[in-house]
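Hi everyone, thanks for coming. I'd like to walk you through one model today, so please have a look at the screen.

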Protein chains: 2
Amino acid sequence: MAESPSLPDLDPISDRAVFRQIADHLREAIERGQLAEGDKVPSEAQLMQHYGVARMTIRNALQVLQSEGLTVAEHGRGVFVRSHPPVRRLASDRFARRHREQGKAAFIAETEGAGGKPSVDSIEITEVKPSPDVAERLKIGPKDRTVRRSRRYLINGQPVETAISYIPVEIAKGTQIMQPDTGPGGIYARIEEKGYRLDHFVEDIKSRMPLRDEVRALRLAPGVPVFHLVRTAYASDGTPVEVCDTVMSSDAYVLSYELPAR
Amino acid sequence: MAESPSLPDLDPISDRAVFRQIADHLREAIERGQLAEGDKVPSEAQLMQHYGVARMTIRNALQVLQSEGLTVAEHGRGVFVRSHPPVRRLASDRFARRHREQGKAAFIAETEGAGGKPSVDSIEITEVKPSPDVAERLKIGPKDRTVRRSRRYLINGQPVETAISYIPVEIAKGTQIMQPDTGPGGIYARIEEKGYRLDHFVEDIKSRMPLRDEVRALRLAPGVPVFHLVRTAYASDGTPVEVCDTVMSSDAYVLSYELPAR
DNA sequence: TAGTGGTCTAGACCACACA
DNA sequence: GTGTGGTCTAGACCACTAG
């Protein structure tokens with residue numbers, strides 16, 4: 001039984017829009033914990049009655065909270081305070097050689113270590129000409145060809161990340177990189193077998209709201225942004241050997257990096 | 001003169017909501033470049049006429065695009081395709097000792113290097129008991145006191161980041177850390193003068209939609225998420241000497257990290 | 001079946017921008 | 001002044017959920 005969160009009345013003097021005042025009241029109730037995670041927000045009808053306003057005004061207010069990522073609406077059930085799932089911490093040593101030597105790809109090793117069930121689906125392998133951005137990162141020409149591996153990562157069945165790797169064909173050719181199953185240690189192990197010793201990675205991270213397709217692929221709730229991370233892998237002679245373009249649900253991850261003070 | 005982007009008609013068979021179809025049409029026009037950055041989207045009246053629907057239906061469609069960060073509405077002028085400002089790349093060597101030795105704090109050095117005019121305002125210094133999270137990161141008790149330095153960073157007058165540092169009082173006491181101007185090289189230079197040699201930093205990064213106050217402090221457009229970054233600085237004996245809690249406009253930054261392959 | 005949110009209509013008045 | 005978006009009303013019908 002959800003007890004009502006005792007909302008204040010409207011301030012008739014304020015020139016702040018009514019729907020914003022209502023959104024403020026609800027937001028404060030959430031921040032104070034008066035409405036806890038998972039709690040049901042009063043129904044539109046109840047709020048209309050409490051504030052004496054039209055339904056669209058209430059819906060505008062609820063829309064504000066939803067776009068702030070504070071609530072989710074469930075058709076036929078009600079509006080609920082978002083509960084934040086436990087997040088995974090992506091540490092900066094996840095590409096350590098010792099993991100590859102143990103035959104584990106980064107995602108698998110890390111997820112199992114945290115007690116989740118990792119899986120991968122939607123694996124597609126094609127040969128494509130690189131986009132200008134990818135070509136620049138790989139230091140290759142716009143007509144050179146690359147192997148494009150795209151896939152989706154899931155934890156306990158919940159999609160958390162999509163990734164697309166681009167590897168120059170000369171490196172990928174004749175290796176298991178062209179197969180759906182890349183074998184023990186994943187792509188990076190295959191690249192090293194080919195004679196490229198991995199030296200370091202550079203990760204560029206942006207944050208933005210998801211595109212429509214990303215909402216679908218990651219089953220994102222409204223108001224949840226994504227990390228857009230592009231990683232470039234360099235061999236010890238400075239050659240870029242792979243670019244990996246990933247989109248991650250910000251709900252599922254905390255990215256963690258260690259920097260030397262030098 | 002904004003030429004009209006030749007929008008398709010509604011699909012009368014589709015069971016996709018009308019406002020979503022309209023949002024899709026506009027989104028596709030933007031993605032195809034038919035509506036370029038800065039272009040004016042057809043007015044609500046024009047769209048009503050084109051599609052033959054009520055105004056609220058059009059407004060719902062425009063609302064979708066706005067919450068995706070694709071457009072901004074300007075009262076009295078129109079709705080425009082968002083133009084993305086040039087972003088700053090925050091590199092992982094920004095805390096290199098050589099910068100401190102040159103007397104530059106990280107933000108100043110980096111911004112000037114990129115040709116921008118850095119400034120800092122809203123500097124506040126208080127002594128507080130740490131939050132549980134900060135206490136844990138600093139490995140101190142909940143009753144130990146810390147110096148809290150909050151400030152806002154701007155580039156060419158545009159706010160891009162707010163930051164709050166917490167330093168244990170024993171470390172900050174009697175140094176310029178307690179003053180608004182921390183002196184050449186900033187906080188970290190003062191900490192090192194006190195005998196703590198900085199060894200490394202750990203940065204934890206989340207992405208989320210901004211709170212109301214953050215929208216105001218950073219003048220964020222609708223549909224723009226923030227990076228929430230917490231950095232902990234460690235001395236060479238492993239002692240945490242500072243925690244810095246920052247919120248950054250995702251419009252203004254690309255975070256860039258280099259990882260060794262080890 | 002009753003209650004919930006999802007969509008849509010057809011108006012109204014207001015504040016802001018610009019010529 | 002005219003056109004723009006911002007807010008609000010008062011209805012309507014539909015689809016989904018749950019008892």
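I'll go through the DNA surface, then the domains of one chain, then the contact between the chains, and finish on a single residue.

Before anything else, please keep in mind that this is a predicted model.

Let's begin with DNA strand C. There are 23 residues around it, and those that come nearest are Arg55(A), Val18(B), Ala54(B), Thr57(B) and Arg77(B). If you sort the surface near the strand by class, you get eight nonpolar, seven polar and eight charged residues.

Which elements supply that surface, with at least two residues each? From chain A, they are α3 (55-67), β2 (71-74) and β3 (78-81), and from chain B, α1 (18-31) and α3 (55-67).

Now, which part of the DNA faces the protein? Taking the atoms of DNA strand C within 4 Å of the protein, 67% are sugar or phosphate atoms, and the rest belong to bases. We can put some residues to the phosphate side. Glu44(A) uses a polar backbone atom, 3.0 Å from a phosphate oxygen of the strand. For Ser43(A), a polar side-chain atom is 3.5 Å from a phosphate oxygen. Over on chain B, Arg77(B), which we met among the nearest residues, has a side-chain N or O atom 3.2 Å from a phosphate oxygen.

Next, the domains. Chain A is split into domain 1, residues 18-81, and domain 2, residues 88-255. The C-alpha centres of these two domains are 39 Å apart.

On to the contact between the chains. Interface size is often quoted as the accessible area lost when the parts come together. Here, chain B and chain A bury about 3,700 Å² between them, with carbon and sulfur atoms giving 55% of that. On the chain B side, Arg212(B), Leu259(B) and Ala261(B) lose the most area to chain A, together 18% of what that side buries. In residues, the contact takes 42 from chain B and 42 from chain A.

Finally, a residue I'd like you to zoom in on: Asp204(B), in strand β8 of chain B, residues 198-208. Is Asp204(B) buried or exposed? Its relative accessibility is 7%, under the 20% cut-off, so Asp204(B) counts as buried. Its side chain makes a polar contact, at 3.0 Å, with the side chain of Arg137(B). Beyond its sequence neighbours within four places, Asp204(B) touches residues of chain B including His228(B), Leu229(B) and Val230(B), and from chain A it contacts Arg89(A), Val254(A), Leu255(A) and Ser256(A).

That's my tour, and I'm happy to take questions.

Key:
Residues numbered from 1 in each chain as written. Chains lettered and ligands numbered in written order. Predicted model: local features only at pLDDT ≥ 70, side-chain atom pairs only at ≥ 80, totals over all residues. Heavy atoms only, no water. Near = heavy atom within 4 Å. Polar contact = N/O pair within 3.5 Å; in protein donor to acceptor, adjacent residues only side chain to side chain. Helix = DSSP H or I, 4+ residues; strand = E, 2+ residues; numbered from the N terminus. Nonpolar A, V, L, I, M, F, W, Y, C, P; charged D, E, K, R; others polar. Buried < 20%, exposed > 50% of the residue type's maximum accessible area, 1.4 Å probe, protein only. Contact = heavy atoms within 4.5 Å. Domains from an automatic or database assignment. Buried area = accessible area lost by both parts, 1.4 Å probe.
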